[in-house]
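Reader: I would like to learn how to read a model like this one, feature by feature. Could you walk me through it?

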Amino acid sequence: MAEIKKLFFNFRVIILIICLVLGFFAINPNPWNEGVAIKAIARNSSAELAGFENPASSLAPMSHERIIAINNKPVVDIEDYFIQISNLEPNETVQVKTNKQSYKLEARPLVKTTVLNETEIVYINETREVNETINDTVVLVNRTFEKEIERSKIKTEVIGIEPLGFSVGPAPTSNLRKGLDLQGGTRVLLRPADEVSSETLSLMVDSLKERLNVYGLGDVVVTEVSDSPDFLGGTRFILVEIAGATEEEVRDLLGKQGKFESKIGNETVFKGGQDITYVCRTAQCSGIDPNAGCGRAEEGWGCRFQFSITLSPEAARRQADLTRDLKVVSGSLSEQLVLFLDDQEVDRLNIAAELRGRETTEIAISGGGAGITEQAAVDNTLKSMKRLQTILITGSLPVRIEIERIDNISPILGEEFLKNAFFVGLFALIGVALVLMIVYRKVIIALPIMITALSEIFLTLAMAALIGWNIDLSAIAGLILAVGTGVNDQIVITDEAAKGGAEGSYNWKERIKRAFFIIFSAYMTIVVAMLPLMFAGAGLLKGFAITTILAVTIGVLITRPAYGAVVGMLLEK
Amino acid sequence: MSLKSALLGIYDVHYKKLMVLSFLILLVSIASLFVVYVRTGEFFAKDVSLKGGITMTVPVDHPVDIQELEAFLKAGHPSADINVREITKSGKSEAIIVEAADVTSADLEKSLPEFGIALNEGEYSLESMGSSLGKRFFTQIMKALILAFIAMAIVVFLTFRSIVPSLFIVLSAISDIVSTLAVSSILGMRLSTAGIAALLMLIGYSVDTNILLTTKVLKRKSEGGTVFERTVGGLRTGLTMTGTALVAGIIGLYFTQSEMIRDIMLITVIGLVFDVIYTWFQNAGILRWYLERKDGRN
């Protein structure tokens, strides 16, 4: 009894216990956390208008705001959240209660537009310049005429509510962050095609972030990475991690420089960015083109989209100058307005005859999409419209970028891996414990080694939670390595300390000190071997290197001294 | 106990033969790597994470004939380099992994359902690595490996302040890596980034046992005994260390579903076996031979 008491007063053991307690607070586990966590808030959504703020990506998981009730009905989990959301009525005022406060949201109606096979005659007002005789002189005046046009009938119906703008995840049960390969998502490694300065690169990071946010993907992390230390002048990359997006969306949104240009002949009329002052995204002036609609294509269906943009006065003047000398051929001008994205033609538009030489600031941009069924075609068309709108709003990047790597990890597989990694770790530890019991024939030796190994894992995870480090597969591999060397070191300590009697010239303190000589050399070699890996492969092995260094450092500084003290006392008896 | 003393007797008397044996194993490993080099132009096959290409991981709920699927995909895309594996959980197919170079992900996504493998959005993983990035990645990792070796050699030298024994440790670590690469290449394994991480782990473990040996032999002269007696003093500790790591590695290899962890465990297990040979036959042998010759001269 006195020995055990003495043990707890040993300062090395006290340090370990203090660290374990601090680690517990850093991880802050709460398996009964209720509600769903808010991961991101979409721009201009009902949620943003109601006062929700986009959480910073550095926010600790347990500090995320959680939705705990909708209209006073408790939200149990993700599934429950989506069921409750789907039951909301259009135009209803929704009361959302979080763990922080209550909000009132408006559920905006979602309108579906279908193009019917019938046509209808509609009358629209059109302004034309006409010659008129006023007081015996012929002058040009603007007159409004009613024009009769035939177009496809459109049916609009309310089919539910617009997304409220939350992207949610399960309520976190601790401050541990799961990496992309464990929770699922898309990881993209982008490389600027030309050499860029670090200022330009951070500018690109910001505009890519903006692009993803405008597109509606909120839960994203965009960072700069380099494949060697700065002083060695490595290649710079941009690493984007997105929770939930398809590969196609990512390729279109991130792989494009976004250089938008429209030309008449060889002359540029307007460019994306400064020439475009407004991009319409509401249902009134964007959507499936009512005049063209959808039709059968060679394979499946094809649709056209259309949305209007507002040009700056300078761009409008340029358009007027460029169209002034064109001829009229069957209702439109002899040259077309050609749209380019990243120097590739995306569409050509006929210019109506009456626009010749006129300064118009309102322009309709159109394009197409296809799908196997009509519905798929409509969806794809609207999606590619949204991507084009996003690129027009956020403008062009300073240089072209290339997608070097895309990883799309399924959340289901990630979940499996995590569970599996847990059991593998558990079985491996049990196996090690059995070997130790066979070698030493003493539970009293195997037990402290196991406790030390578990403390090392726990403290490393706590450290990861504290510094906001993601636990991914490579981090788990690093943890395995570190625990392995940890067990090795403890075997060295045990054997050195146990040698006692035979070479009794040293007391156990001296012998443990000598064991630490071996441990320290081994520690230093592992750390220096891991350092070059921090940068290799644009940081994709960084998780492995950092976790290993973190864990072996914790081992050498905290857990091994405590183990040495414990073993020394156990063997002193 | 008699078996143990008999073995120790052999270890004592025939240490030079065991040392020569370890060098023979190293030579055979180098030769086999060169055979692979002559045949393929590379010392070992690289997987898509090091040379560029696509990896698709698709969960399956029914058994899939891997060979047949591979043949089917190869027939559909003759110019592509395709390799199919599976992840099993207690003998049941859990998921299949398709690794392919020179084919687009869209083509694969079209072909797999034709073989009866359903692709549900969000349920499968798709990783694609640009080939230029893969190449860059590989040269960098090679640089990282060489840097790691140099840094490790410096640390070892600073520890023992003695050039020849430090070189023995580095030689042992290099031999370990070379033989592990040779065996994994014979087993048809393709080297991945995870595999390279495992090779670095191996340097760590190998240096661990070698430092133990060298410390015992060089720094514990005051504890008395011959070089051999001091070697045997470290042997028990070293074998316990390697034994626990081996058991953990084999358990991990058997139970894991993650390709990355499987790669790491397989390379670690192969490397640990070689570590026993290169630490206790090679390094212990040349160290004893070196010290006895040095002492004899004095």
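Reader: Let me start with a small detail: which residue is the bridge partner of L341(A) in β22(A)?

Author: The partner of L341(A) in β22(A) is Q344(A). Before going on, two notes on reading. This is a predicted model, in which local features need pLDDT of at least 70 and side-chain atom pairs count only at pLDDT 80 or more, while totals for chains, interfaces and linings use all residues. Residues are numbered from 1 along each chain as its sequence is written, and chains are lettered from A and ligands numbered from 1 in the order in which they are written.

Reader: What holds strands together, and how many bridges join β21 of chain A to β22(A)?

Author: Strands of a sheet pair through backbone hydrogen bonds, parallel or antiparallel. Two strands count as paired if DSSP finds at least two bridges between them. Helices (H or I, at least four residues) and strands (E, at least two) are DSSP runs, numbered from the N terminus. Here β21 (residues 337-341) of chain A and β22(A) are antiparallel and joined by 5 bridges.

Reader: What is the strand order of the open sheet in chain A?

Author: This open sheet has 4 strands in the order β14-β13-β21-β22 (chain A), paired antiparallel. Since β14 (267-271) and β22 (344-349) of chain A stand at the edges with a single partner strand each, one side of each is left without a neighbour in the sheet. From one strand to the next, the twist averages 30°. Angles run from 0 to 180 degrees between N-to-C directions, and axes are lines fitted to C-alpha atoms, for helices over the stretch in contact.

Reader: Which helix packs on that sheet?

Author: Helix α8 (residues 313-323) of chain A does, touching β13 (260-264) and β14 of chain A, and its direction makes about 155° with that of β14(A). Touching has a cut-off: two residues are in contact if their C-beta atoms, placed from the backbone, lie within 7 Å.

Reader: Where else in chain A can I practise on strands?

Author: Try β4 (residues 93-98) of chain A, which pairs with β2 (residues 66-70) of chain A in the antiparallel sense over 3 bridges. In that pair, I67(A) stands opposite T98(A). β4(A) is also joined, antiparallel, to β5 (residues 102-106) of chain A by 5 bridges, with Q95(A) opposite K104(A). β4(A) and β5(A) form a hairpin with 3 residues between them.

Reader: Now the two chains together. How many residues does each chain give to the contact?

Author: Chain A gives 56 residues and chain B gives 55. On chain B's side, the elements that each supply at least two residues are β1 (53-59), β4 (125-129), α6 (131-160), α8 (193-219), α9 and α10 (259-297). That side divides into 32 nonpolar, 18 polar and 5 charged residues. In this count Ala, Val, Leu, Ile, Met, Phe, Trp, Tyr, Cys and Pro are nonpolar, Asp, Glu, Lys and Arg are charged, and the others, Gly among them, are polar.

Reader: Which strand of chain A is joined to β4(B)?

Author: That is β24 (residues 401-409) of chain A, which runs antiparallel to β4(B) with 4 bridges between them. I406(A) stands opposite S128(B) there.

Reader: How do I describe two helices that pack across the chains?

Author: Look at the angle and at the distance between axes. Helix α12 (residues 473-498) of chain A and helix α9 (residues 227-255) of chain B pack at about 155°, with axes 9 Å apart. α12(A) and α9(B) are therefore roughly antiparallel, a label for angles over 145 degrees. Residues making the contact include G484(A), V487(A) and I491(A) from α12(A), and T237(B), M241(B) and A248(B) from α9(B). By class, the contact of α12(A) with α9(B) has 6 nonpolar, 5 polar and 2 charged residues.

Reader: What does chain B look like as a whole?

Author: Chain B has 10 helices and 4 strands, and its C-alpha trace spans about 75 × 40 × 30 Å along its principal axes. It is divided into domain 1 (2-46 + 132-297) and domain 2 (53-129), bounds that come from an automatic or database domain assignment. The centres of these two domains of chain B, taken over C-alpha atoms, are separated by 36 Å. Their contact takes 4 residues from domain 1 of chain B and 5 residues from domain 2 of chain B.

Definitions and conventions. Parallel < 35°, antiparallel > 145°, perpendicular 65-115°, else oblique.
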